Amino acid sequence: MPENPCVKEREPMDITLERLDEIDGSAIIVETPELSVAQPEFVIGRAEDCHLQLGSRFVSRHHCELIVDGRDQVVRVRDLGSENGTYVNDTVVMDECELKDGDKLVVACIPFEIHISSEK
């Protein structure tokens, strides 16, 4: 069956969260071309079913999620009704916010810098 030229395939991107409050500068890989997330959402929180578990009591069980749109090469963060908030560059995320390479993402009180690249 021929490919539909109107349907764009999901292209994996390099997405890394660099934790800024640790001495070793730990990096969490969200997605690479070799390791693509099964779902377009990457959930961050305290719960065991989160993709990234943070052990702080200030972080909600399901705090926020990264939404990876490989078709449009966009990454967004969505707050999931957290009590202590999600922030991008010191601005509270009320619903959803697009992330750019180098943005500072704070989950409750835990700071990250996001690194995004694609072979676009």
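Guide: Two strands are taken as paired if DSSP finds at least two bridges between them, and that criterion will be applied several times to this predicted model.

Visitor: What makes strand 6 and strand 9 a pair, and in which sense do they run?

Guide: Four bridges join strand 6 to strand 9, and the requirement is at least two, so the two strands count as paired. They run antiparallel, and within this pairing Val75 has Leu99 of strand 9 as its bridge partner.

Visitor: What makes strand 5 and strand 6 a pair?

Guide: Six bridges join strand 5 to strand 6, which satisfies the threshold of at least two, and these strands also run antiparallel. Val68 stands opposite Val75 in strand 6. The two strands form a hairpin with four residues between them, where Gln73 takes a positive phi near 55 degrees.

Visitor: How do you know that strand 3 and strand 4 pair, and in which sense?

Guide: Strand 3, residues 41–45, is linked to strand 4 over two bridges, and because at least two are required, that number is enough for a pair. The sense here is parallel, and Gly45 stands opposite Gln53 in strand 4.

Visitor: Why is the pairing in the five-stranded open sheet called mixed?

Guide: The open sheet has the order 4-3-5-6-9, with mixed pairing: strands 3 and 4 pair in the parallel sense, whereas strands 5 and 6 run antiparallel. Strand 4 (52–53) and strand 9 (96–99) stand at the edges, and each has a single partner strand, so that one side of each lacks a neighbour in the sheet.

Visitor: How many helices and strands does the protein have?

Guide: There are zero helices and eleven strands, and read from the N terminus the elements therefore run β-β-β-β-β-β-β-β-β-β-β, a strand needing at least two residues in a DSSP run.

Visitor: What makes Glu65 and Arg78 a salt bridge?

Guide: Their closest N and O atoms are 2.6 Å apart, and the limit between a side-chain nitrogen of Lys or Arg and a carboxyl oxygen of Asp or Glu is 4 Å, so the pair qualifies. Glu65 belongs to strand 5 (residues 64–69) and Arg78 to strand 6 (residues 74–79), which means that the pair ties together parts 13 residues apart in sequence. Glu65 and Arg78 also belong to a network of salt bridges that includes Arg76 and Glu96.

Visitor: Is Glu65 called buried or exposed, and why?

Guide: The relative accessible area of Glu65 is 9%, and buried means under 20%, so Glu65 is buried. Arg78, by contrast, has 28%, a value between the 20% and 50% limits, and is therefore partly exposed.

Visitor: How many salt bridges does the structure hold?

Guide: It holds five, among them the one in which the side chains of Arg19 and Asp21 meet at 2.6 Å, N to O. Arg19, at 18%, is buried, while Asp21, at 40%, is partly exposed. Glu98 and Lys100 form another, again with closest N and O atoms 2.6 Å apart; Glu98, at 37%, is partly exposed, and so is Lys100, at 47%.

Visitor: Why does Ile116 count as buried?

Guide: Ile116, which lies in strand 11 (residues 110–117), has a relative accessibility of 18%, and because the cut-off is under 20%, Ile116 counts as buried. Leaving aside residues up to four places away in sequence, Ile116 touches Asp14, Val75, Leu99, Lys100 and Asp101. Leu99 is 17 residues from Ile116 in sequence, with the C-alpha atoms 8.6 Å apart in space.

Visitor: What makes the approach of the Ser56 side chain to Phe58 a polar contact?

Guide: The side chain of Ser56 reaches the backbone nitrogen of Phe58 at 3.1 Å, and the limit for such a pair of N or O atoms is 3.5 Å, so the distance criterion is met. Ser56 sits in the loop between strand 4 and strand 5 and is buried, at 14%; beyond residues up to four places away in sequence, Ser56 touches Arg46, Cys109 and Ile110.

Visitor: How much of the protein is buried, and what area does the protein expose?

Guide: Buried residues make up 41% of the 120 residues, and the protein exposes about 7300 Å², of which carbon and sulfur atoms supply 47%.

Terms used:
Residues are numbered from 1 along each chain as its sequence is written. This is a predicted model: local features need pLDDT of at least 70, side-chain atom pairs count only at pLDDT 80 or more; totals for chains, interfaces and linings use all residues. Side-chain values use heavy atoms; hydrogens and water are left out. Buried means under 20% relative accessible area, exposed over 50%, partly exposed in between (1.4 Å probe, protein chains only). Accessible areas come from the Shrake-Rupley method with a 1.4 Å probe; for residues, only the protein chains shown count as cover. Contact means heavy atoms within 4.5 Å. A polar contact is a pair of N or O atoms within 3.5 Å; within protein, one must be able to donate a hydrogen and the other to accept it, and residues adjacent in sequence count only if both atoms are side-chain atoms.
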